[in-house]
Amino acid sequence: MSQVTVISGVERHRLWSDEQKRALAAAACEPGAGVAQIARRAELRPSQLCRWRRDLVTPAATAVAAVTVSPEPLSAAEQPTIVVELGGAALRIAANASPALVSAVMRSLRR
């Protein structure tokens, strides 16, 4: 005869504070971090962690103010402070670029 286990009661449903969600989402955004591993340690599904990560990104951090693409050389006043070269393409970042814009562009390059 086989044994049957009956589980009764309410399913486990945890409520996460915004601070806890942000901390887990930030940990998942770290370089080299594995979403599945972090989700496993927190005892939640990776899809839930990915949704928190997507939802908790501030719109200001991802907004791009203005991007100018020009094949012509820059004038001396417009010379970039930082030049990032990837796969034959060059990204030139002006000295007066906002930190939010630079951060958003660099994050998009990582994808």
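Cysteines, burial and fold of a predicted model

Modeller: In this predicted model, contacts in the protein chain between residues at least 6 apart in sequence include 41% that join residues at least 24 apart.

Colleague: What makes two residues count as a contact here?

Modeller: Their heavy atoms lie within 4.5 Å.

Colleague: Which elements does the protein chain hold, and how do they run from the N terminus?

Modeller: The protein chain has five helices and two strands. From the N terminus on, the order is α-α-α-α-β-β-α.

Colleague: Why is Cys29 not counted in a disulfide?

Modeller: A disulfide needs two cysteine sulfur atoms within 2.5 Å. The closest cysteine sulfur to that of Cys29 belongs to Cys50 and is 9.3 Å away, so the pair is too far apart for a bond.

Colleague: And what rules out a bond from the side of Cys50?

Modeller: For Cys50 the closest cysteine sulfur is in Cys29, at 9.3 Å, again too far for a bond. Under the 2.5 Å cut-off, the count of disulfides is zero.

Colleague: Why is Cys29 called partly exposed?

Modeller: The class lies between the buried limit, under 20%, and the exposed limit, over 50%. Cys29 has 38% relative accessibility, so Cys29 is partly exposed.

Colleague: How do you know which class Cys50 belongs to?

Modeller: The relative accessible area of Cys50 is 32%, and therefore Cys50 is partly exposed.

Colleague: How much of the protein chain is buried?

Modeller: Of the 111 residues in the protein chain, 14% are buried.

Colleague: What area does the protein chain expose, and what do carbon and sulfur atoms supply?

Modeller: The exposed area is about 9300 Å², with 55% of it from carbon and sulfur atoms.

Terms used:
Residues numbered from 1 in each chain as written. Predicted model: local features only at pLDDT ≥ 70, side-chain atom pairs only at ≥ 80, totals over all residues. Heavy atoms only, no water. Buried < 20%, exposed > 50% of the residue type's maximum accessible area, 1.4 Å probe, protein only. Helix = DSSP H or I, 4+ residues; strand = E, 2+ residues; numbered from the N terminus. Areas by Shrake-Rupley, 256 points an atom, 1.4 Å probe, with all protein chains shown as cover.
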